[in-house]
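Q: Please take a close look at a single part of this model, the interface between its chains, and follow what you find there into the neighbouring features. I would like one connected account, with the cut-off behind each term.

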Amino acid sequence: MSEKIKQEWFSNIRGDILSGIVVALALIPEAIAFSIIAGVDPMVGLYASFLIAVIISFAGGRPGMISAATGAMALVMAPLMKEHGLNYILAATILTGIIQVIFGVLKIAKLMRFIPRAVMIGFVNSLAILIFMAQVPYFLGISNLTYIFVAITLLIVYVLPRFIKAVPAPLIAIILLTAVSIYSGADLRTVGDLGNITQTLPSFFIPDVPFTFETLQIILPYSIALAIVGLLESLLTATIVDDMTGTESRKNRESRGQGIANIITGFFGGMAGCAMIGQSVINVKSGGRGRLSTLTAGLFLIFLIIVLGDLVVQIPMSVLVGIMIMVSIGTFDWSSFQYLYKAPKSDAIVMLVTVVIVVATHDLSKGVIAGVILSAVLFVAKISTIKVTAKDKNSGTLYEVDGQLFFASVEGFIDSFDFTVKNTNIIIDFSEAHIWDDSAVGAIDKVVLKYRENDNEVTIKGLDSASKRLVEKLAIYTQADPKLSTH
Amino acid sequence: MYKNILLAVDGSDHSLRATKEAVKIASLVGDCTIEVVYVVDYSKAKDEVIHSMGKEELELTRRKKVLPIEEHMKSKNITYNIKILRGEPGPSIVDYANKESFQLVIIGSRGLNTLQEMVLGSVSHKVVKRVKCPVLIVK
């Protein structure tokens, strides 16, 4: 055990500390921007990023993954903030944590397998679209100077990494443009106009909400949505980090860890968060592998805020907007257009429906749930098409059945037979089919008995062993004087 | 002659052509080993994970890219190893080639990238510039 702890914490000390610092620098603008998306003070997102990163470094199941305040979670919380205020956000964060711990204990991570990739693609795309849409009010039609600052930020974040790799480009954009705006006295909205930065460590308090059933009714839907969205993004990120590092992670421990992090964060005035795809990729690329990198990111972030809080409030909003536009472009799955064209029609529809529902409701969890249900329905529809081909033989007709015979496909199955014939030999070949349930056996009974009514001889062949057992157990056509009504 | 050759592949037609040249050179020497290096690209990790159903499918798509190369080596009775690296393709190949002190590196002139440079792919370019041993670029 201690060997494992040593490996997860101290096998890559130098790389972890350096990458942790890089991530902390990249986290600050995002934590502030996501606070603004949620409608809370920047401190709520900054505290959340600090606390979640630190706690998850101990409690998480994927070393080297970065968790903090995220856009996905902020978007879900925004309406709750608007209607009920910060204390309800904190209460919802705690409840989210409790739900995630339960999910972790129940090993819900396994269910991730049931989320089709079309839904995943829809999830990241709609997240990107929502993050972009959240920026629009902060740059559209404010002033020409705003446009210029956004454009320069975008130029810096896309061009500079070609030349400077050690320092994250967004940070350079922030330092440079904040300095420009301070010294030129430019008339720009700053972070300070939207909230305060307090240069203190977070402290424990119980959210000031009435402990009533009514409160629960308000926060529970949000908490469920947050728990789902948080785990979805966290487990997706864990898989990406697994793939990048060629190592395994413990997904159920991660769900539990996310829960623990959110519970504690809620009690210390931070908003719910989850793993971040972009930051985790930055961490791995910068050489971060172990738990120490996540811990460093959290600690260095709060250190910077305590030391430099005065300057942080002077960051122009337009620079943050530029960085968030970059984040949304990076989040969007650009191969989706190719996917729409190449993937099966049903998958393309599921992806589009997921995106449309999220963009319409502004709730990622609704889109995911709708996408999963739709793809399940389409899957059943696809699998329930059963093919019966008739071949004329000199002594009668041979029907070859190809597909899955079960409650959803029995109608198509029965309709494919021609019952007008009399006095012939009918052979039904099930070599390419499988019998799943009672209704399937009932359908076979119906077909056989209908043929017998017209004095046809019916032979059933080619049933695989499982199908045969089911038919022998349930079918009545094998009995002496079968009547359909007994079924 | 060359005892250990690094062959960098990405599953493109160019890398298959490079394979054929590598095999020609290796078959001239008695006990030559070809190390086939495939890099899982960091910048594509997100896309690849989102577009696949689970780890098994990811591994399968990668195996499929190396498979024609393996088949060709097998058919010519060449001794080879497959090495999967993770990171940025250019630097990963360069580091590995220099660390393991290969005697020759063989790579296609360009790869799968859709954004094609005029003459030489960016990965091939980096490899030529920074690998310490001789490099064979196959057109």
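A: Between chain A and chain B an area of about 1,900 Å² is buried, and carbon and sulfur atoms give 56% of it; buried area is here the accessible area (1.4 Å probe) that two parts lose on being put together, summed over both. On the side of chain A, the residues that lose the most area to chain B are R117(A), D243(A) and M244(A), which together give 33% of what that side buries. This is a predicted model, in which local features need pLDDT of at least 70 and side-chain atom pairs count only at pLDDT 80 or more, while totals for chains, interfaces and linings use all residues. Residues are numbered from 1 along each chain as its sequence is written, chains are lettered from A and ligands numbered from 1 in the order in which they are written, and side-chain values use heavy atoms, with hydrogens and water left out.

Counted by contact (heavy atoms within 4.5 Å), 27 residues of chain A meet 19 residues of chain B. The interface of the two chains also holds 5 salt bridges, a salt bridge being a side-chain nitrogen of Lys or Arg within 4 Å of a carboxyl oxygen of Asp or Glu. D243(A), one of the residues that lose the most area, pairs in this way with R62(B), their closest N and O atoms being 2.8 Å apart.

Over all chains the structure holds 17 salt bridges. Within chain B, K24(B) and E21(B) are joined by one at 3.2 Å from N to O; both residues sit in helix α1 (residues 13-28) of chain B, 3 residues apart, which is about one turn of the helix. Helices are DSSP runs of H or I with at least four residues, numbered from the N terminus. Elsewhere, salt bridges that share partners link R62(A), D242(A), E248(A), K251(A) and K55(B) into one network. Inside that network K251(A) and D242(A) meet through their side chains at 3.4 Å, N to O. K251(A) has a relative accessible area of 21% and is therefore partly exposed, whereas D242(A), at 2%, counts as buried; the cut-offs are under 20% for buried, over 50% for exposed and in between for partly exposed (1.4 Å probe, protein chains only).

K251(A) leads on to a further feature, the second largest pocket, whose space is about 550 Å³. Of its 23 lining residues, those closest to the centre are M112(A), R113(A), T239(A), K251(A) and G54(B). A pocket is an open set of points on a 1 Å grid over the protein atoms alone, where a 1.4 Å probe fits and protein lies on both sides within 12 Å along at least five of seven lines; lining residues have an atom within 4 Å of a point. The volume is the space filled by probe spheres set on the points, which are joined across faces, edges and corners. Both chains take part in the lining: α6 (117-139), α9 (213-245) and α10 (251-267) of chain A, with α2 (45-50) and α3 (54-75) of chain B, each supply at least two residues. The largest share, 4 residues, comes from α9(A).
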